[in-house]
Amino acid sequence: MKHLLFLVLISVCWAEPHSDNSSLGHERIVRIQENGPRLLVVAEQAKIFSHRGGNVTLPCKFYHEHTSAAGSGIHKIRIKWTKLTSDYLKEVDVFVAMGHHRKSYGNYQGRVLLRESSENDASLIITNIILEDYGRYKCEVIEGLEDDTAVVALNLEGVVFPYSPRLGRYNLNFHEAQLACVDQDSVIASFDQLYDAWRSGLDWCNAGWLSDGSVQYPITKPREPCGGKNTVPGVRNYGFWDKDKSRYDVFCFTSNFNGRFYYLIHPTKLTYDEALQACLKDGAQIAKVGQIFAAWKLLGYDRCDAGWLADGSVRYPISRPRKRCSPNEAAVRFVGFPDKKHKLYGVYCFKAYN
Amino acid sequence: MLTRIHSLFLCSMARATLSLCAPTSHSITPSPHTEAGGPPPCSPPHAGSSGTAGRRAVLGTPRVKWTFISEGREVEILVARGDRVKVSEDYRLRASLPIFHQRYTNASLLLTELRPNDSGIYRCDVQHGIEDGHDILDLRVKGVVFHYREGSMRYAYTFAEAREACAKIGAHIATPEQLYAAYLGGYEQCDAGWISDQTVRYPIHTPREACYGDMNGFPGVRNYGVVDPEDMYDVYCYAEDLPGEIFLETAPARFTLREAAARCRARGAALASPGQLYAAWSAGLDACSPGWLADGSVRYPIVTPRERCGGALPGVKTIFQFRNQTGFPDAQSRYDAYCFRGKERVCVNCVAPGWLFPWPGCTAGAWAHPARLVLGSISQW
């Protein structure tokens, strides 16, 4: 179909010498006019799914029409991939290729290459995907005066979880919120990620920052304190707030991890410091909040023992609800941020694979 | 045909290193006698210029592309590479790169016949071999043309009175060029009005019964030609800058005209003139609250059209007493008030708590960025 469409779009094109007499007699300027695109860039799939640690191909193909023998050989085709941000004026450089030259940028270095399965293939392969790779990518192809772009979204499989620090509810400005997620082996969630989580049942009555700078919260069971009792379910939106001065919770996103998450079998209950040491002694680290959520959601991890986590909170993951262990729903149960001296809990550890 | 050309240089450029320079913000007046802009000082670094000839042979010539971005929509203006340039149909007669073909390091864009809807963001992308760079610049075309009539009736001014009427409301009578630029920006008004050269004209995009003028079924600015200065018509005024701030005052019971004036005075201001409100509207003021103005008219500025705020078109909306669009409201009827305060006054609390937008006029050059009035912050202010 695409090919057929392209044939119909054959453009009428001509060049004429610049006829403006007032021009300063410098080199000849050729003015080009045309009626249709002569270069067409197409992404066969608008959305690609993967997960942290995975490899992915962002599809992009271009079709062009050689105008004349003289025109085609002069200009090399240039392919550039950028990542779009919530500010449409800002894009992040990812990769560029022209002729035999290749260049990748930032933390994409060493992880990206062109697929080049055919002459008109501009697809980009990203290996060892990290959480920050999530987002929308633009494939731009330039040949001579012509250019065109296509956009592909990279979605990651994972889990969204609300987070507030030991200080309590509504204590994070936007920048602190970003850091809080990173500290828990996650990134601040996008609206789309929160929306997907809401569609699969997330209900949380505290407003949190999202990556675009908005503050929202997902409600599946409308009730009075959460936007009104007689309202429809939805992601409630407070709008955009001052990133420095406004303080809320945050929604974080994390994906598969490359390691082992486990409850440490230990003869006694532990204080926070003892918990920290116990994991180290076991050749691991005390687990982070993102890791307990990823293990629970993506691996179905289930353990009815409250354990310390790195941020000083105590939680336990339940995927098979039963009496005394989150009887009504599968969830990561939150005990609180107890006094770190209390010798009342176990510990969850995480051992990274190399 | 326009006899005068209002033009603008958008500057920028690059060479092998592809550093770009451009002023971050630029405003310009579409008035025939000011050629604002001119190529801003823009000297790309010439470091390492020796040996670029050889390099250029490898890299080819730079490619430059100018794009216009407004309300999130991107429109290509032109693309140039070497001695070839492709100008988009909409810009064919008014966009060019006057220097680029002599010096590839200067890709300044010349845009002529500026119109109000040229306001927005201009993006310049330069690509040279594997390298690229870009810069953006924010352009605001200042000034707004508006139709004006006194409360009482249609077609009530002689030419002399028309000039005076504009002056009285803080504006000038519009020039033919200004009216034409406004027309190109989408302005439509089926009322004949005086123009500065003693002609009588009106701008029509959608020809219809009673609005054909001298052009029958074609869109364009209708022109009665130079007419007897004692003939009576409405007037088209032009307002440019707002040397101060406009703010909306409200109260539960709203105000009569007299109360409105008193409220503005109590705030150290005065009722705004229509010219001031039009200028504020063209700078981005949007408020769905009809309010009193100094001439006894009741109006409100709409930038983002919505059904309940005067329909599908943006503009300064006027409340008339009669269905035929004449008559100002009774002075005893109740509306909000638009007040105007000169710039020299210091404002105390520039950012109302919890609101994102600084109050217009509070920071130097605030009008460089379209200010938006946030309803609801008014009472806190």
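User: In which loop of chain A is the place of Glu116(A)?
Analyst: This is a predicted model: local features need pLDDT (the predictor's confidence in each residue, from 0 to 100) of at least 70, side-chain atom pairs count only at pLDDT 80 or more, and totals for chains, interfaces and linings use all residues. Residues are numbered from 1 along each chain as its sequence is written, while chains are lettered from A and ligands numbered from 1 in the order in which they are written. Helices (H or I, at least four residues) and strands (E, at least two) are DSSP runs, numbered from the N terminus. Glu116(A) has its place in the loop between S10 and S11 of chain A.

User: Is Glu116(A) buried, partly exposed or exposed?
Analyst: A residue is buried if 20 or more other C-beta atoms, placed from the backbone, lie within 10 Å of its own, exposed if 12 or fewer, and partly exposed in between. Glu116(A) is not a glycine, yet its phi is positive, about 50°. With 13 other C-beta atoms within 10 Å, Glu116(A) is partly exposed.

User: What is the strand order of the open sheet of 3 strands in chain A?
Analyst: Two strands pair if DSSP finds at least two bridges between them. The edge strands, each pairing on one side only, are S5 (56-58) and S10 (112-114) of chain A. S5(A) pairs with S11 (residues 124-126) of chain A over 3 bridges, in the antiparallel sense. The order is S5-S11-S10.

User: Which residue is the bridge partner of Leu58(A) in S11(A)?
Analyst: The pairing in this sheet is antiparallel. In S11(A), the bridge partner of Leu58(A) is Leu124(A).

User: How many degrees are neighbouring strands turned against each other on average in the sheet S4-S13-S12-S7-S8-S9 of chain A?
Analyst: This open sheet has 6 strands and mixed pairing. S4 (47-50) and S9 (101-104) of chain A are its edge strands. Axes are lines fitted to C-alpha atoms, for helices over the stretch in contact, and angles run from 0 to 180 degrees between N-to-C directions. With direction ignored, the average turn is 20°.

User: Which residue of S9(A) stands opposite Phe95(A)?
Analyst: S8 (residues 91-98) of chain A pairs with S9(A) over 4 bridges, in the antiparallel sense. Opposite Phe95(A) stands Ser104(A).

User: Which residues of helix H5 of chain A are buried?
Analyst: H5(A) spans residues 272-281. Its face turned away from the buried side carries the exposed Asp273(A), Leu280(A) and Lys281(A). The buried residues are Tyr272(A), Ala275(A) and Cys279(A).

User: Why do the buried residues Tyr272(A), Ala275(A) and Cys279(A) lie on the same side of H5(A)?
Analyst: An α-helix has 3.6 residues a turn, so residues three or four places apart point the same way. The arc here is that of the directions from the helix axis to the C-beta atoms. These three residues of H5(A), Tyr272(A), Ala275(A) and Cys279(A), are buried. They share a side because they cover an arc of only 55°.

User: Which strands are among what covers the buried residues of H5(A)?
Analyst: Two residues are in contact if their C-beta atoms, placed from the backbone, lie within 7 Å. The cover of H5(A) includes three strands of chain A: S21 (285-286), S22 (307-308) and S25 (346-352).

User: Which residues touch the most other members of the largest nonpolar core?
Analyst: A nonpolar core is a set of buried Ala, Val, Leu, Ile, Met, Phe, Trp, Tyr and Cys residues joined through C-beta atoms within 7 Å. The largest has 87 residues. A second, separate core of 60 residues includes Leu210(A) and Val289(A). In the largest core, the residues asked for are Val235(B), Cys237(B), Leu271(B), Trp292(B) and Tyr338(B).

User: How many of the 6 residues of strand S13 of chain B are buried?
Analyst: S13(B) runs antiparallel to S14 (residues 220-226) of chain B, joined by 5 bridges. Another 2 bridges join S12 (residues 193-194) of chain B to S13(B), also antiparallel. S13(B) itself covers residues 199-204 and is mostly covered. The number buried is 5.

User: What phi does Gln198(B) have?
Analyst: Gln198(B) lies in the loop between S12 and S13 of chain B. Gln198(B) is partly exposed, with 16 other C-beta atoms within 10 Å. Although Gln198(B) is not a glycine, its phi is positive, at about 70°.

User: Over which residues of chain A is the pLDDT below 50, with 31 contacts beyond near neighbours in sequence?
Analyst: Chain A averages a pLDDT of 88, and 87% of its residues score at least 70. Where pLDDT is low, the predicted coordinates should not be read in detail. Residues 67-74 of chain A stay under 50. The stretch with 31 contacts is residues 1-27.
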